[in-house]
Amino acid sequence: MTTLRVPARSPEVGPGMAALYPPPSAAGAKNVRYSDLTCALFGCVFSNARRGALPAPMFSRNDVSIWSILKKCIGMELSKIAMPVIFNEPLSFLQRLTEYMEHTYLIHQANASTDSIHRMKCVAAFAVSAVASQWERTGKPFNPLLGETYELIREDLGFRWLSEQVSHHPPVSAFHAEGLKDDFLFHGSIYPKLKFWGKSVEAEPRGIITLELPQHNEAYTWSNPTCCVHNIIVGQLWIEQYGNVEVLNHKTGERCSLTFKSCGLFGKELHKVEGYIYDKSKKKLCAIYGKWTECLYTVDPTSFDLHKKADKKEEKKGSKQEPEEMPPPEVETVEVIPGSELIWKIAPRPENSAQYYAFSTFAMHLNELDEDIKGAIPSTDCRLRPDIRALENGDIGMDMASAEKKRVEEKQRMARKNRSKSSDEWKTRWFTQGTNVHNGSQDWLFSGGYWNRSYSQLPDIY
C-alpha cells in the first residue's frame, strides 16, 4: 500500500497577496462551515465580493454557418482545426477544468466521514458534479497555448489550484489542487480528443483523475464520461454525457461503477446516471441514481432493482411516442425512490446565465482580474491572454478577439518552428512526467515551487 503524499505548505505569500490570498491560518476568520445545509445541497456560498456578470453579453451565433468550417472535418480530430472565435466562450480549457472544484464541499464531507462507504458516495457525487457545469455550455473553450497556466485560490471553498498546458501536440493539460488545510490532493492530466461526426461534436476527455485523502490514507481514481454536442449544423444545440465511469478506492478495493446514459431513441434516458457501489468481493452495497444536470440519490440496491423492474413493465405497457421538449433547469425530473438519500444537488445558475455563455456563478468568476491578482500571477496565466480578454469584453465585431487569437496562435507556431531548427527542447515548468503510484499509469505530476511566487525565465507566450 502506498503512503499518500501530503503537500508541504509554503509560507511565502507574494507582494500584495495577503488580503486576496490569505494563508491557511487565516481561514478560520471567515468561520466557513462546510456542513451547512446550503453547502450540502447547493454548494458553499461565496463569501468574498465577486462579479455577478461578465463585462459584456455573448454574441449571437445565429448568422454564422459552422457547416462551412466543419464540412471537410468529418471524422477528424478537431484540436488541430482553427475555429472562428465566435464559437468560443471567454475561458481557456485550463479554466474550464477548474470547474471540477465548484462542488469541493463534497470532498470536505468525505474527509469528515468515518465510514468508507459514505466517503465513496461523496467522492462519486464529486466525480459526477465535475461535469455538471457543461450543461447548456455550447461554446468551445480556447485551446491553451503551450506553457499557459492558470491558478485559483478559493479560501472560502478551502483549496488552491494550478494547471499548466504541458503538451501542444497532442494537447495535454495537467492540474493539481490541494486543500488549504493539507486535507486533500486532487490531480490529473487530460487529453481531450474532439471529433466531428456530421451532426455532432464528440469530446472524449482521456486521462486519469486522482483524489487523495491523506487523513484516511486513501486514493481514488476515475476518468470522465464522453461529452457530445448535438445539432451542430441545424436545430437547437443540446448536450449529453455518456459512458461508464468507475471510481476505485485503492485502499479498500471498494468501487463505484456508474453509467452515464445516452439519450436513446425517445429521449427518456437523457442526462441519467445510475450505478452501484461494490465491496472488494463485488457485492452490491448501495445504488446511486439521478441526473448529472440535477441531483444524485443513494438507496439500498434491492429497492433500486425493484424500481427498475417496475419501470420496465410500465415501458412495455405504454406506447412509444416522441419525446417532449427538455424541461427548464428549475424543474426536477428525477423520480425519487422511497428511502433514498440526497447526496448532491446542482447549484442554481444565476438569472443572467443565458446572456453570459450559460456560465454558472463559479464560472463567472474564473477570468476576473483585478490589480491584486494581476500583480501576483505569472505572465503565463490565462487571465492575461489577450484574445480571451477581448472576447469577454465584447470587442465590437470581435475584430480584436479574432486578430489576437490568430496572433498568439501564429506566435506559438513560430516558436515551435524555431525550436525545431535548434537544439532547444521545450521544458514544462511546474509538472513532470511520471508514474501515478496508485494505478501505474503515466501521468503528469506537480513538481512544486509554484506557490513560492518566484517566476523567473517564463516563456513569452502572449
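What follows is a chat between two coworkers about a predicted model of one protein chain.

Colleague: Hi! Before I load this one, what does the secondary structure come to?

Modeller: Hello! This is a predicted model, so please read everything below in that light. The protein chain has 10 helices and 18 strands.

Colleague: And how much of the chain is buried?

Modeller: Of its 462 residues, 52% count as buried. The accessible surface is about 21500 Å², and carbon and sulfur atoms account for 52% of that surface.

Colleague: What share of the contacts join residues at least 24 apart?

Modeller: That would be 64%, taken among contacts between residues at least 6 apart in sequence.

Colleague: Nice. Which residues have the most contacts inside the largest nonpolar core?

Modeller: They are Tyr 100, Met 101, Trp 161, Phe 186, Trp 222, Val 247 and Trp 344, in a core of 73 residues. Helix 5, residues 116-129, gives the largest share of this core, with 8 residues. There is also a second, separate core of 12 residues, and Phe 431, Trp 444, Tyr 450 and Leu 458 are among them.

Colleague: Leu 458, okay. What touches Thr 380?

Modeller: Leu 458 does, as it happens, and so do Gly 147, Glu 148, Thr 149, Pro 459, Ile 461 and Tyr 462, leaving aside residues up to four places away in sequence. Thr 380 sits in the loop between helix 8 (371-374) and helix 9 (386-392).

Colleague: Is Thr 380 buried or exposed?

Modeller: Thr 380 counts as buried, because its relative accessibility is 1%.

Colleague: You listed Glu 148 there. What does the side chain of Glu 148 pair with?

Modeller: Glu 148 meets Arg 385 in a salt bridge, at 2.8 Å from N to O. The two come from distant parts of the chain, 237 residues apart: Glu 148 is in the loop between strand 2 and strand 3 (149-154), and Arg 385 is in the loop between helix 8 and helix 9.

Colleague: Are those two buried or exposed?

Modeller: Both ends are buried. Glu 148 has 0% relative accessibility, and Arg 385 has a relative accessible area of 1%.

Colleague: How many salt bridges are there in total?

Modeller: The count comes to 25. One of them joins Asp 460 and Lys 411, at 3.1 Å from N to O. That pair is 49 residues apart, with Asp 460 in the segment after strand 18 (442-446) and Lys 411 in helix 10. Asp 460 is exposed at 62% relative accessible area, while Lys 411 is partly exposed at 30%.

Colleague: Any others I should click on? Which residues are linked in a network?

Modeller: Try Lys 261, Glu 269, Lys 272, Glu 274 and Lys 308, which are linked in a network of salt bridges. You could also look at Glu 204 and Arg 206, whose closest N and O atoms are 3.4 Å apart. Glu 204 is partly exposed at 31% relative accessibility, and Arg 206 is partly exposed too, at 38%.

Colleague: Back to helix 10. What does Arg 407 touch?

Modeller: Arg 407 lies in that helix, residues 399-420, and touches Pro 386 and Tyr 462, not counting residues up to four places away in sequence. Its C-alpha is separated by 8.9 Å from that of Asp 387, 20 residues apart along the chain. Arg 407 itself counts as partly exposed, at 37% relative accessibility.

Colleague: Changing topic: how many disulfides are there?

Modeller: A search of the whole structure finds 0.

Colleague: Why is there no bond for Cys 256?

Modeller: Because the closest cysteine sulfur, in Cys 286, is 7.2 Å from the sulfur of Cys 256, too far for a bond. Cys 256 is buried, with 0% relative accessible area, and Cys 295 is likewise buried at 0%.

Colleague: Last one, backbone oddities. Where is the cis peptide bond?

Modeller: It joins His 169 and Pro 170, with omega about 0 degrees. Pro 170 lies in the loop between strand 4 (159-167) and strand 5 (172-179).

Colleague: And which residues other than glycine have a positive phi?

Modeller: Glu 136 is one of them, with phi near 65 degrees, and Ala 358 is another, at about 60 degrees. Glu 136 is in the loop between helix 5 and strand 2 (140-142) and is partly exposed at 43% relative accessibility. Ala 358 is in the loop between strand 16 (341-345) and helix 7 (361-364), and is buried at 9%.

Colleague: Great, thanks!

Terms used. Residues numbered from 1 in each chain as written. Predicted model: local features only at pLDDT ≥ 70, side-chain atom pairs only at ≥ 80, totals over all residues. Heavy atoms only, no water. Core = buried A, V, L, I, M, F, W, Y, C linked by side-chain atoms within 4.5 Å. Buried < 20%, exposed > 50% of the residue type's maximum accessible area, 1.4 Å probe, protein only. Helix = DSSP H or I, 4+ residues; strand = E, 2+ residues; numbered from the N terminus. Contact = heavy atoms within 4.5 Å. Areas by Shrake-Rupley, 256 points an atom, 1.4 Å probe, with all protein chains shown as cover. Disulfide = S-S within 2.5 Å. Salt bridge = Lys/Arg side-chain N within 4 Å of Asp/Glu carboxyl O.
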